[in-house]
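Biologist: Could you take me through one part of this model close up? Start from a single residue pair and work outwards.

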Amino acid sequence: MHLVAIGGSDAGISTALRARELDPSVDVTVVVADSYPNFSICGIPYYFSREVNPWQSLAHRTHADLEATGMQLRLDTLATSIDVAGQQLTVRDANGQESTIAYDELMVGTGASPSTAGIEAGRLGPDDGVHVLHSMGDTFVLERYLDEHQPETAIIVGAGYVGLEMAEALTVRGLHVTQLQRGPEVLSTLDPELGALVHDELTRHGVDVVTGTRVQQITRTAAGLTVTGEQDGTEFARTADLVLVVVGVRPNTSLLTDAGASTGAGGAVVVDERMRTGLPHVWAAGDGVVTHHRLLGVTYLPLGTTSHKQGRVAGENAIGGSARFAGSLGTQVVKVFDLVAARTGLRDHEAIAAGHTPLSGTAIADDHKAYYPGANPLSIRITGDTESGLLLGAQLVGARGAEIAKRVDTYATALHHGMTVDAMSDLDLSYTPPLGSPWDAVQVATQAWTRQARSIISM
Ligand SMILES: Cc1cc2nc3c(=O)[nH]c(=O)nc-3n(C[C@H](O)[C@H](O)[C@H](O)COP(=O)(O)OP(=O)(O)OC[C@H]3O[C@@H](n4cnc5c(N)ncnc54)[C@H](O)[C@@H]3O)c2cc1C
């Protein structure tokens, strides 16, 4: 059995590792377009902030670690087409040499590429100071630009989690950052009242945040790089030495669509929960494919955690298993300077679209007993269904060190198991004064939601 995985990031490597783990007799080849297999691209912002150095530390596993598992790596090799009927992959190496690789099973984990959301930049690119960020290649190009040009100012277009992490990293590097966001508040995956806390944290650290801005064009002017667009119906222009566009990703689908696969949510390739593409012996996982969501059905939510899980499912099934991807809840967390913001599940508008009758309420609770030094208030916004009482989602913002990530995971676990908000108040959660309270902040929020829901129902 020869399993070929295309892509050396979360999905491709997870597939290869899982197949080798379950059956060491399987031949596994991983075809990777660049020279950086199994790098943690999620860690890139911390390379720019110089908290992680050298760049080699970003590797989840070294080349030697990977080969020690028994997989073969074909680096700097681009997969160019799939012959589904003939079970062959055509590849092109760094010298432009084409060859074919026969496979019994194929897993496509070609991921996603940075989107530029239609922003016009003419011929301006990284050499001119206009950057995107998704790969180690992008990382080296940006790092070189920072070294060689020593820019003093940067505009970051986008205030999603990558944009926020990079606003912090470039600020730490000494640049003055202007962050432009299209929507009314930064981190649009949160309700604006919680996003506002993140906005304040950025401002507190000197980031100039401009919301409600639709960026249309980047041009070179005498003063530097000028970003123009519209803000609340009027013309908008800002100039900086460097522009970083981080406005999301678009799935890389052409290999599979050229071979006959179809696309769905977010333009990503349709796969089922077993990671089947519908093409015989061809599996797919990661940022290039649709995401099965436990509450929303089929959607597109490209995340590293999901890519690892999908890749593992594909690896198991490609060698004869019957694993299922259990579904995402969109659980995410981001650190912005000294603040952490997280969410899982649905917000009101998503819950309504999914047929629920939601109610959302925010509670503020200390992360641990107030009498013990260092207590910090957390904002926790719970969304539940007023008819069934089911938990639908949670959003949290609080200080770094206040266990936001693990608290959102408590809600994610409850959501995974279909708990009601009220039942969460019965969970036996841990307590010691320096770390929590007899009623953990998680439960202060669920109790507040239950009271709010009862008062509405009895009205
Ligand atoms: C800066 C940054 C921070 C992030 N932080 C987080 C985080 O904190 N948490 C989180 O969950 N997610 C995070 N993500 C998202 C996460 O990194 C991605 O969801 C994840 O890497 C997707 O993995 P993937 O394997 O699907 O694809 P990708 O990482 O996109 O990799 C695709 C792979 O396929 C290869 N490839 C593509 N085309 C071909 C071809 N034709 N032939 C051969 N090889 C090919 C590429 O070289 C690469 O190896 C972050 C992303 C970025 C950019």
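**From one bridge outwards**

Modeller: Ile156 stands opposite Leu244 in S16. Before going on, a word on what you're looking at: this is a predicted model, so local features need pLDDT of at least 70 and side-chain atom pairs count only at pLDDT 80 or more, while totals for chains, interfaces and linings use all residues. Residues are numbered from 1 along each chain as its sequence is written, and side-chain values use heavy atoms, leaving out hydrogens and water.

Back to that pair. Strand S10 (residues 153-157) and strand S16 (residues 242-245) run in the parallel sense, paired over four bridges. Strands (E, at least two residues) and helices (H or I, at least four) are DSSP runs numbered from the N terminus, and two strands pair if DSSP finds at least two bridges between them. Step back and you see an open sheet of five strands, ordered S9-S16-S10-S11-S12, with parallel pairing. At its edges are strand S9 (130-131) and strand S12 (208-210); each has a single partner strand, so one side of each has no neighbour in the sheet. Helix H4 (residues 136-149) lies across S9 and S16 (contact means heavy atoms within 4.5 Å), and runs at about 165 degrees to S16. For such angles, axes are lines fitted to C-alpha atoms, for helices over the stretch in contact, and the values run from 0 to 180 degrees between N-to-C directions.

Now for another sheet. S3-S2-S1-S7-S18 is an open sheet of five strands, again with parallel pairing. Strand S3 (72-74) and strand S18 (282-284) are its edge strands, each pairing on one side only. On average, neighbouring strands here are turned by 20 degrees against each other, ignoring direction. Zoom in on the S18 edge: strand S7 (residues 105-108) pairs with S18 in the parallel sense over three bridges, and Val108 has Ala284 of S18 as its bridge partner.

Helices pack on this sheet too. H1 touches strand S1 (2-6), strand S2 (27-31) and S7, and its direction makes about 170 degrees with that of S2. H8 lies across S1, S7 and S18, at about 160 degrees to S18.

H1 and H8 also pack against each other. Helix H1 (residues 10-22) and helix H8 (residues 304-318) make an angle of about 40 degrees, and their axes are 7 Å apart. On the H1 side the contact uses Asp10, Ala11, Ser14, Thr15, Arg18, Ala19, Glu21 and Leu22, which meet Gly304, Ser307, His308, Gly311, Arg312, Ala314, Gly315 and Glu316 of H8. Sorted by class, that contact has four nonpolar, seven polar and five charged residues. In this count Ala, Val, Leu, Ile, Met, Phe, Trp, Tyr, Cys and Pro are nonpolar, Asp, Glu, Lys and Arg are charged, and the others, Gly among them, are polar.

For another helix pair, go to helix H10 (residues 404-416) and helix H12 (residues 441-457), which pack at about 50 degrees with their axes 10 Å apart. That angle makes H10 oblique to H12 (under 35 degrees is roughly parallel, over 145 roughly antiparallel, 65 to 115 roughly perpendicular, and the rest oblique). Arg407, Thr410 and Tyr411 of H10 make the contact with Ala441, Val442, Ala445 and Thr446 of H12. The class tally for H10 with H12 is four nonpolar, two polar and one charged residues.

Two backbone spots are worth a click as well. The peptide bond from Asn53 to Pro54 is cis, with omega near -5 degrees, and Pro54 sits in the loop between helix H2 (44-48) and helix H3 (63-68). His281 has phi near 65 degrees, a positive value in a residue other than glycine. You'll find His281 in the loop between helix H7 (254-258) and S18, so to speak just off the second sheet's edge strand, S18.
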